[in-house]
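Biologist: Please take a close look at one sheet in this model, its strands and their pairing. After that, go on to the charged pairs and the pocket.

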Amino acid sequence: MKKQVVLFSIFHLLFSIFDSTAQVATRSYIADKALTPREHSVDMQHLKLELDFEPQKGLVKGKVTHTFLVLQHEVDSIFLDAPGITFKDVKLDGVITKYRTDNNGIIIYPGSTLHWEQTHDLVMEYEATPRKGIYFIGWNDPNNLSRKQIWTQGQGTDNRHWIPCYDEQNDKLTTEVIVTFDKEYKVLSNGTKLKEKDNGNGTKTWHYKMQKPHTTYLIMLGIGKYEIEERKSATGIPIHLWYYPEYKNLIEPTYRYSVEMFDFFEKEIGVPYGWESYSQIPVQDFMYGAMENTTATLFGDFFLVDERSYLDRNYVAVNAHELAHQWFGDLVTARSATHHWLQESFATHYNLTYEREVFGQDHFDWARREAVNKALDASRQDKKPVAHSEAGSVRHYPKGSLVLQMLKYVTSREAFNRSIKHYLEKHKYQNVDSEDLLVAFHETLGKSLDWFWEEWIYRGGEPHYVVTYREESENGKQQTVFSVSQEHELSDVVGLFKMPIAFEVHYTDGTKDSKTAWIENQHHEVKVENILGKKISFVLFDPNSEVMKSLEFKKTLDMLKIQALKAPNMIDRYDALLALRNTELELKQDILINVFNNEKFHGIKSEVVYQLTNEKDSKSHELIAKAINDKDAQVRKAVITHVKNIPAELLAEFENLLADASYETITLALEKLCIQYPEKTASYLEKTKAVEGTRGRNVMVKWLEFSSKTDKAALDKLVAFSSNSYEFMTRQNAFSSLKKLDYFDETTLANTLDAAFSSNNRLASPAIETLKYFYAKNEYRKMIDNYFYSKKWLNWQEDIIKQITN
């Protein structure tokens, strides 16, 4: 008996151990090699940079002084990022110092061991001809037509190619930049301009200095021929708006709302602008939209717009985005690339928040829906979370911005703003990570939001809800019962989602009942009482689509029709229209026309256009004719975008689009009309011959494309537009037209190869594809091969040529 008890006890103990082990909860994440910040043995505290240039050679001649504090007990060498840089002189504390270089940078060997808490000065004189980080625009244009500029782009880690430095975001320092250059130009850099001195020899020296620390990727230069308009914020911050002297008429539409958004952010964020001034400068051939360099945003000059270009794409969103970065990215900076979302998601969220102030709630909700669609597409590729260095731009920008909006939805706008204020004030001029933000919310609100971070920030995916509803009676009371299931694929890195979701039941008398419930399990039933037994008109799950998700919720045709007309929020009316896409025309046409006539927002009207544009009946034609004359440029553009075959009955209306206010609409109309009605091409070209268009001369290039079929001079102009005398968007458009014309000569080859060698991938990629297209054709291959073999190329150029010929 005693033996049995002992055996039972041992068995019970083993079972308990096994059982408890099996029940241990675990947390799984996708590994990120960038999670740990890079180590550094010294703390860079100040960088003084003295520069002059030989722009025709792309040559940087510099002297950099680093003041640093030793962090470790003993340091016998210091590594700085400096790929491709040649050093003339290196001194530590005034003494010539040994060093060696490799492909990545320079290793400095002090004469004696350095010890922590010591401060030292390292001075290096150097030269560089970099292909990254700093860009020399137009200096080798043989026709002298291009603008001549020098500008920089440091993010992610490209400033190391022209400044020897510790080029990582986890160290902050003050900087000053001193530039000597041709006095006919203007120079912009970070911070306050301390001096602009005429040297009496045709040059000037400009001296800029930062008062507060920032990180090295935010160091910038902009050099060119400009004028400057001065404005001030409500709090007295100087705002300098740089522009090309001949484009003074573009200042207002380009910089529209610049001061207003500055004032809005200071109030909304609750933390004063953290720097001494703010400048914006346009540059030619910029490879992105813009860059939030501290105190000095640099942006692509394709955002310089007139009133007509403003209709197609304006600078407001990008302007607000880069300004928001002055707080999120510059004032506080992610400690490592894993937390990059703390910069881009915030900037995107705040630019959309400001756009709502200017363009309205429907515009804001439309942007949220676009963010959801992009996030769902990204999740079909992989399940990386927002907080991951390889999350990709969709998650760092639109998805992350919507995650922040959902955080605001969960906590309230006021609570969100209070927490963000605390976060910024606590970490001002410092590095941060995702946990710092979580802690700031906890310290401010007393709420533990770890669950939100787990599902939306540290883990990937989005919920997929399947929803049904039914009416039933319980204890003599009528109610509407919603059944909700989370049916997305679960894994170690994607779990069930927990969110508060609203349920609405709308009745035929115009009233509604609603209830908000936390949906966190795989299956839920939510009951909404219908005390008076009213007749249901339509029902909504998550009205206004506050939660990022995909959704299956089948509704009757009659319910969708009513929802399309009467749902209070634009996005719910739009969803009803989407659900009608596959419905037969005769069952939906009247409701679509009714919606179009009652709506104001372009997204809904454009959806109606999409569904009716290619129908052949008179009712649809009447609606399309009305859409062509809609006051919203986006609606008119939707017509010409979606039409496949322009009906003869509507030809006159479509021809009116050749005089549209939108340059993009003119370009599309010119192309489709010339292709579908070639006998009228001459008249179409006559109507548009004086229109240049917007970015990339879009109308003019399309005009030349069709004119060149009968006019050699037009073809020659198209070839000229492919050269480096013109900015990259004009060249892109020229490549596209030359491909359509199947025209390729040696001049075009030289121009296209020059573009293929560009550091701007937005130019190089289409150029390489154009060269591949013509190289695949037997009639051009020999000419291209002969050209390649007749010249000497650098190794990196040979690598690009191999991409074309292999």
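**The open sheet and beyond**

Modeller: S18 and S19 run antiparallel and are joined by six bridges. This is a predicted model. Within that pairing, Ile228 of the one strand stands opposite Trp242 in S19. The two strands form a hairpin with five residues between them, and in this hairpin Gly236 takes a positive phi near 90°.

The hairpin belongs to an open sheet of five strands, in the order S18-S19-S20-S22-S21, with mixed pairing. Strand S18 (227–232) and strand S21 (290–291) are the edge strands, each of which pairs on one side only. Strand S19 (residues 238–243) is joined to strand S20 (residues 278–283) by three bridges, and these two strands run parallel. Ile239 has Tyr278 as its bridge partner in S20.

A residue of helix H6 can be placed relative to Ala234. Leu352 lies in helix H6 (residues 341–359). Between Leu352 and Ala234 there are 22 Å in space, C-alpha to C-alpha, and the two are 118 residues apart in sequence. Leu352 has a relative accessible area of 14%, so it counts as buried, the cut-off being under 20%.

A further hairpin is found later in the numbering. Strand S27 (residues 499–507) pairs with strand S28 (residues 512–519) in the antiparallel sense, over eight bridges. Here Glu504 stands opposite Ser514 in S28. Four residues lie between the strands of this hairpin, and Gly510 takes a positive phi near 90°.

Next come the charged pairs. Side chains of opposite charge can pair when their charged atoms come close. The cut-off is a side-chain nitrogen of Lys or Arg within 4 Å of a carboxyl oxygen of Asp or Glu, and by this rule there are 53 salt bridges.

One of them is formed by Asp198 and Lys183, at 3.8 Å from N to O. This pair links distant parts of the chain, 15 residues apart: Asp198 is in strand S15 (residues 192–198), while Lys183 is in the loop between strand S13 (174–182) and strand S14 (186–189). Asp198 is partly exposed at a relative accessible area of 41%, and Lys183 is also partly exposed, at 35% relative accessibility.

Another salt bridge joins Arg256 to Glu307, with 2.6 Å between the closest N and O atoms. Here the partners are 51 residues apart and again link distant parts of the chain: Arg256 sits in the loop between helix H2 (251–254) and helix H3 (258–269), and Glu307 in helix H4 (residues 307–312). Arg256 has 15% relative accessibility and therefore counts as buried, whereas Glu307, at 45%, counts as partly exposed.

Two helices are linked by the salt bridge between Glu664 and Lys637, whose N to O distance is 2.8 Å. Glu664 belongs to helix H19 (residues 663–676) and Lys637 to helix H17 (residues 633–642), so that distant parts of the chain, 27 residues apart, are linked. The acid, Glu664, is partly exposed at 24% relative accessibility, and Lys637 is buried at 11%. Salt bridges with shared partners also join Arg38, Asp81, Arg160, Asp167 and Glu168 into one network.

As for cysteines, the count of disulfides is zero, the cut-off being a pair of cysteine sulfur atoms within 2.5 Å. Cys165 is buried, with a relative accessible area of 1%. Cys674 is buried as well, at 4%.

The last item is open space. Rolling a probe the size of a water molecule over the atoms shows where empty space is left. The second largest pocket has a volume of about 1,100 Å³. Its lining is made up of 42 residues, and Phe136, Asn140, Asp754, Phe757 and Ser758 are those that lie nearest the centre of the pocket. At least two lining residues of this second largest pocket come from each of strand S11 (134–137), helix H24 (746–756) and helix H27 (795–805). By residue type, the lining of the second largest pocket divides into 19 nonpolar, 15 polar and eight charged residues.

Note on methods
Residues numbered from 1 in each chain as written. Predicted model: local features only at pLDDT ≥ 70, side-chain atom pairs only at ≥ 80, totals over all residues. Heavy atoms only, no water. Pairing = 2+ DSSP bridges. Buried < 20%, exposed > 50% of the residue type's maximum accessible area, 1.4 Å probe, protein only. 1 Å grid on protein atoms, 1.4 Å probe; cavity = no way out; pocket = protein on both sides within 12 Å on 5 of 7 lines; lining within 4 Å. Points joined across faces, edges and corners; volume = space filled by probe spheres on them. Nonpolar A, V, L, I, M, F, W, Y, C, P; charged D, E, K, R; others polar.
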